[in-house]
There are 2 protein chains.
Amino acid sequence: MELSERKKQILKAVVEHYIDSAEPVGSKTISEELGVSSATIRNEFAELCELGYLEQPHTSAGRIPSPSGYRLYVNELMERRSLTPQETEGIDEALRGKLEDMGGAMTNAGQLVSSIVNYPAYSVTSGNSALTVERFELLSVDETSFIAVVMTSDKNVKSQLQGSELRFDPAHLSDLKNLLNTHFAGKSREEMSAHLMSVSDQLSPELFLVLSKTVEYASGILEEASKRDVETTGASRILKMPEYRDVDRAHELMTFLVDNKENLPVPEDGVPLKILIGPENVNEALRDTSVVVASYDIGDGMRGLVGVVGPTRMDYATVTARLSYFAESLTKMFGKGLPSPEE
Amino acid sequence: MELSERKKQILKAVVEHYIDSAEPVGSKTISEELGVSSATIRNEFAELCELGYLEQPHTSAGRIPSPSGYRLYVNELMERRSLTPQETEGIDEALRGKLEDMGGAMTNAGQLVSSIVNYPAYSVTSGNSALTVERFELLSVDETSFIAVVMTSDKNVKSQLQGSELRFDPAHLSDLKNLLNTHFAGKSREEMSAHLMSVSDQLSPELFLVLSKTVEYASGILEEASKRDVETTGASRILKMPEYRDVDRAHELMTFLVDNKENLPVPEDGVPLKILIGPENVNEALRDTSVVVASYDIGDGMRGLVGVVGPTRMDYATVTARLSYFAESLTKMFGKGLPSPEE
DNA sequence: CTTAGCACTCAGGGTAAAAGAGTGCTAAAA
DNA sequence: TTTTAGCACTCTTTTACCCTGAGTGCTAAG
């Protein structure tokens, strides 16, 4: 059933007042705004309550939006704000400094978002489990150590000094390198370790040790890269919000944000922006918070996420506008900046 | 002037009661403990107040320790606890998992400490500005890109794919590598960039570009490594402490811990453990908190720091014992674990 | 359908009294 | 001289209570 135009206006007004005052909104406030008497508004209030869009903290208080009230607001009533020049400039500015180190940008994305929207934020870099090693290099150091260099298929290069318990002849490193590149490059972790078994008897023990150390190292890198990484920041911002004046509530949310960040919502692929209001969050601990989360493209079909966590009384219009802009900017950055890395 | 034995006992008792109750301690509590009448205790209280070791929140309340009371307690009265087997086991256990990735251990040190002592913690890895490049390697990729590998004097190896705007002949990379190793290895950042100038006209533009990209990359690594890095964790733990039931106080400390972490105390070299009580902290924002900070050796005369921040009513005995043990364990780990890295 | 009017409800603020914890002081006991 | 019992006093905390004000729901008139 469709709401009357006036009911929508009233709901919108209540939501917006409540968003910036955090206090129940009375009929008088709305009546002044819409130019109808408060009694009329009260009648409408009563119906909106009945329909489940508004709630009453207690009999003699004003109304506050229910989760479905917010939902309707977000879906239909909210004006999609465009950002002011100051806002875009602020976000551009924040991104500009970070543009240099692309890798850092992802882990810092949360911090930026948090400062941009003034809510706690999180950043997810979805792991790439399809990653393989594109190239191995072995650099000789001495008879008991060498440097393993691994370039993954996303053009990241990692390297580490490796020590071996068995002496080996550095002259053989070049052969080993070729072996690695022909038989281990392009393989998954499982394939690599399977293949490692099969060559174990074709090599001298000391060279096999070098080989396996390198493969293990590479395997560790792939595993690390396949993990989804979630970072949260700005949790302390909630302490300025009236809904978290209660230290225990604040503590609950804050510990969730640091200890359970893996359980923060991750929308399905292809959804650029998702808003989860209160009980729409499956996670119990987020039942009275809202989450807004946007995705951006990293390239190669990969994506990252940036999200915002706050009370259901969240400034959805501003948050969605800024977050979308931020995510779009990141997508652009990655489109331009990569794949030729650095400058 | 030396306090009487009994005054010391009383002070000790007051501090310890206050530490675990957070409530002013009355004469009756102490009288039961020491087997003297409460009136006697009251007389002693009055004198201890006069001497500045105790304070009275208001006329008819019990006593709480003053900062100098805590100081005396820490210096003379506190029993240096040895850890229980459970405690050492807990710490060993926490470290065991992290032993593998030594680099990670340092950034995670704060987290571990925080969970070990249940206060917010911080970890400082003091930058090494004497670091130089021990070895350069250049690996050929194609005519417009190559991999720069840099091993620093602390045996860390970093590498990155570099793109060049000018085509170059990969065959020359080996010469460039030798040039780098003979003229740039072992040099400071300033020396490297100075030398870069001097070779600019001895090389073709495209090779100079490769060279300078590599040197810049190395320089960036050295700069990064020279920076002191401070990480804080566990800030939300304060929300469980009665002194931070006031959201504003909590917020103040928490934002300090994230935004001003560089201003956390860093003791002079050679001090294994430092305790700063309330106003002993020069920093205004820490005026009514205490900080306990321990240092550990990384090797090569370098050190790291782990510290704990909490209310002046901190459990100094437990914190110092656990923190010391933790720092000593780290020192041992680094002594054994490095310089031959990994396993 | 809208609005004025009115009685009603309930949270929040303020004051007052009561309770409780602990003190300081005095005077007696050790 | 030191310790202790006793007692009046102080000050916070708790509870109760009332009052106020914001806001409601309902009714009846416009």
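What follows is a short conversation about how two protein chains meet each other and two DNA strands in a predicted model.

Me: What makes the relation between chain A and chain B that of a two-fold axis?
Reply: Chain A can be laid on chain B by a turn of 179 degrees and a shift of 0.2 Å along the axis, with an RMSD of 0.3 Å. That is the relation of a two-fold axis.

Me: How do you know that the copies meet through the same surface?
Reply: Look at the interface residues: 97% of those in chain A are also interface residues in chain B, so the two copies use the same surface. Chain A brings 31 residues to the contact and chain B brings 30 residues.

Me: How much area is buried between chain A and chain B, and what share do carbon and sulfur atoms give?
Reply: About 2,800 Å² is buried between them, with 59% given by carbon and sulfur atoms. On the chain A side, the residues that lose the most area to chain B are Leu161(A), Leu239(A) and Val247(A), together 20% of what that side buries.

Me: Why is the pair Arg245(B) and Asp248(A) called a salt bridge?
Reply: The term asks for a side-chain nitrogen of Lys or Arg within 4 Å of a carboxyl oxygen of Asp or Glu. Here the closest N and O atoms are 3.5 Å apart, and Arg245(B) therefore forms a salt bridge with Asp248(A). The count between chain A and chain B is two salt bridges. Residue pairs in polar contact between these chains, both at pLDDT 80 or more, number three.

Me: Which elements of chain A supply at least two residues each to the side that touches chain B?
Reply: They are strand S4 (133-142), strand S5 (145-152), strand S6 (157-163) and helix H10 (247-259). By class, that side of chain A has 13 nonpolar, seven polar and 11 charged residues.

Now to the DNA.

Me: What makes Ser27(A) a polar contact of DNA strand D?
Reply: The cut-off is a pair of N or O atoms within 3.5 Å. A side-chain N or O atom of Ser27(A) is 2.6 Å from a phosphate oxygen of DNA strand D, so the pair qualifies. Thr40(B) qualifies too, because a polar side-chain atom of Thr40(B) lies 2.7 Å from a phosphate oxygen of this strand.

Me: And how do you know that Ala61(A) counts?
Reply: A backbone N or O atom of Ala61(A) lies 3.5 Å from a sugar or linking oxygen of DNA strand D. The limit is within 3.5 Å, so Ala61(A) counts as well.

Me: Which helix gives the most to the surface near DNA strand D?
Reply: H3(B) does, with four residues. Of the atoms of strand D within 4 Å of the protein, 71% belong to sugar or phosphate and the rest to bases.

Me: What about DNA strand C: which residues come nearest?
Reply: Of the 20 residues around DNA strand C, Arg6(A), Thr40(A), Thr59(A), Ser60(A) and Ser27(B) come nearest. Sugar and phosphate make up 73% of the strand C atoms that come within 4 Å of the protein.

Me: What makes Ser60(A) a polar contact with a base of DNA strand C?
Reply: A side-chain N or O atom of Ser60(A) is 3.0 Å from a base oxygen of strand C, and the cut-off is 3.5 Å, so the pair is a polar contact. For phosphate oxygens of DNA strand C, the distances are 2.6 Å from a polar side-chain atom of Ser27(B) and 3.0 Å from one of Arg63(B). H3(A) gives the largest share of the surface near strand C, four residues.

Methods. Residues are numbered from 1 along each chain as its sequence is written. Chains are lettered from A and ligands numbered from 1 in the order in which they are written. This is a predicted model: local features need pLDDT of at least 70, side-chain atom pairs count only at pLDDT 80 or more; totals for chains, interfaces and linings use all residues. Side-chain values use heavy atoms; hydrogens and water are left out. A residue is near a molecule or strand if one of its heavy atoms lies within 4 Å of it. A polar contact is a pair of N or O atoms within 3.5 Å; within protein, one must be able to donate a hydrogen and the other to accept it, and residues adjacent in sequence count only if both atoms are side-chain atoms. Copies are superposed by least squares on the C-alpha atoms of residues with pLDDT of at least 70 in both. Contact means heavy atoms within 4.5 Å. Buried area is the accessible area (1.4 Å probe) that two parts lose on being put together, summed over both. Ala, Val, Leu, Ile, Met, Phe, Trp, Tyr, Cys and Pro count as nonpolar, Asp, Glu, Lys and Arg as charged, and the others, Gly among them, as polar.
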